[in-house]
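Trainee: Please choose one part of this structure and take me through it closely, step by step. I am new to this, so plain words would help.

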Amino acid sequence: MMVAYSFHRIFAPQVAALTKRQTIRANRRRHARPGEPVQLYTAMRTRHCLKLVDRDPLCTDALPIVIEVTTLIDEFIASIEIDGRSLHRDEIEPFAAADGFAPIDFGWWQPPALVGQRLQAATARSNMGVFWLKTHGVGRFTGVLIKWDPAP
């Protein structure tokens, strides 16, 4: 079975370049399983739909993930737990970078709910925090971390 994932346009270049090789998704009926190919798109189900990787990568992991988001700390990401193991505070920054939030200027993406905040913070964790606060709000997110490798 083939599973497809659509990415926000800020992540499309990283997915296409295979520098972003993971995604965090809410629980649903069916996610990719290790060994299965995944199709990676941006703007799926629109006339601007674009397949980002020609040769479908292979899923390597599908792990449960829990992310705690709070406004009580500047980075907004209070904790991340993957497959039952909490990431140490020093592991959150490289995880956020691997998920596409490296400290670069995403420029045009101004979260309307966070006037004055932009995805151009000094850390990947801060960028991830702004994005997660905007898209998921405060609280506990439970979902799946899907990872892939390029097709052989």
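Mentor: Let's begin with contacts, meaning heavy atoms within 4.5 Å. Among the contacts in the chain with a separation of 6 or more, 65% are between residues 24 or more positions apart. This is a predicted model, in which local features need pLDDT of at least 70 and side-chain atom pairs count only at pLDDT 80 or more, while totals for chains, interfaces and linings use all residues. Residues are numbered from 1 along each chain as its sequence is written, and side-chain values use heavy atoms, leaving out hydrogens and water.

The chain has three helices and eight strands; these are DSSP runs numbered from the N terminus, with at least four residues of H or I for a helix and at least two of E for a strand. Along the sequence they follow the pattern β-α-β-β-β-β-β-β-α-α-β.

The part I would choose is the open sheet of five strands, ordered β2-β8-β5-β6-β7 with antiparallel pairing. Two strands count as paired if DSSP finds at least two bridges between them. At the edges are β2 (22-26) and β7 (85-86); each has a single partner strand, so one side of each lacks a neighbour in the sheet. The partner of β2 is β8 (residues 139-149), and five bridges join the two in the antiparallel sense. Try finding arginine 25, whose bridge partner in β8 is valine 144.

Now add the helices. Helix α2 (residues 89-101) packs on the sheet, where it touches β2, β5 (58-69), β6 (77-82), β7 and β8. The direction of α2 makes about 90° with that of β2; such angles run from 0 to 180 degrees between N-to-C directions, and axes are lines fitted to C-alpha atoms, for helices over the stretch in contact. Helix α3 (residues 124-136) packs on the sheet too, touching β2, β5, β6 and β8, with its direction at about 90° to that of β6.

The two helices also meet each other. The axes of α2 and α3 come within 8 Å and cross at roughly 65°. This crossing is left-handed, the term used when the near helix is turned anticlockwise from the far one by less than a right angle; clockwise would be right-handed. Residues in the contact include Ile92, Phe95 and Ala96 of α2, and Met128, Phe131 and Trp132 of α3.

What lies among these pieces? In soluble globular proteins, nonpolar side chains tend to be buried together. Buried means under 20% relative accessible area, exposed means over 50%, and partly exposed is in between (1.4 Å probe, protein chains only). A nonpolar core is a set of buried Ala, Val, Leu, Ile, Met, Phe, Trp, Tyr and Cys residues joined through side-chain atoms within 4.5 Å. The largest such core has 38 residues, and Ile24, Ile67, Ile80, Phe95, Met128 and Trp132 touch the most other members. The biggest contributor is α3, with six residues.

Isoleucine 24 makes a good place to finish. Leaving aside residues up to four places away in sequence, isoleucine 24 touches, among others, Ile65, Ile67, Phe95, Met128, Trp132 and Val144. Follow those contacts on screen and you can trace how the sheet and its two helices meet.
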